[in-house]
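Trainee: Could you take me through one part of this model in detail, namely the salt bridges that share partners?

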Amino acid sequence: MKPRDSKDHLTRQILAEGLDIEALKPSEAVHMMLPFYKSVRVEGADPEEDHDMLLYRWGMYDRGRGHSFEFDIVRHFIESGTEDDDGMTQLCLTCRFRPTAELEALGAGEQWCRRPEGIVDFKNVIFNSAPYRAVAHVCPASAALDFNPV
């Protein structure tokens, strides 16, 4: 698979599970993205060179749609043979929640999984994190799967 095909590939997997992308709960997002990262390799993105990584990110943001708490699972690609940011793209599975004092108190942060072999430890980091425990099984205000250049 090429990075640009990742959105279509993951969309098919999500729909095959009978899930609605726009209503994915964080637990479902993790359930879909982690196996996708572990089992589906990308042409021209060498994980040994940090060209195919997974990012768990959370925090309160305003991305032009109003303030919301975001829970993101992001697959980050760097295509071999590209320079600087030219070959960087991301497949972002984002769950957005209406802001609350409890969610704001979680702050913002991120954790990286640099290799598919590290997925078990990465999963434990996510499952043991306060942001995950706070929203894992909560229906988000919105959810989206986007593929973008960095």
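Mentor: What follows looks at that network and at the strands that carry it.

This is a predicted model, in which local features need pLDDT of at least 70 and side-chain atom pairs count only at pLDDT 80 or more, while totals for chains, interfaces and linings use all residues. Residues are numbered from 1 along each chain as its sequence is written, and side-chain values use heavy atoms, with hydrogens and water left out.

The structure holds five salt bridges, a salt bridge being a side-chain nitrogen of Lys or Arg within 4 Å of a carboxyl oxygen of Asp or Glu. In one of them the side chain of Asp 52 meets that of Arg 41 (2.7 Å, N to O); because Asp 52 lies in strand β1 and Arg 41 in the loop between α2 and β1, this pair ties together parts that are eleven residues apart in sequence. Helices (H or I, at least four residues) and strands (E, at least two) are DSSP runs, numbered from the N terminus.

The side chain of Asp 52 also meets that of Arg 75, again with a salt bridge (2.7 Å, N to O), and since Arg 75 lies in strand β2, the pair ties together parts 23 residues apart in sequence. Arg 41, Asp 52 and Arg 75 are thereby joined into one network by salt bridges that share partners. Within it, Asp 52 and Arg 75 are buried, whereas Arg 41 is partly exposed at 32% relative accessibility (buried means under 20% relative accessible area, exposed over 50%, partly exposed in between, with a 1.4 Å probe and protein chains only).

The two strands concerned, β1 (residues 52–62) and β2 (residues 67–78), run antiparallel and are joined by eleven bridges; two strands pair if DSSP finds at least two bridges between them.
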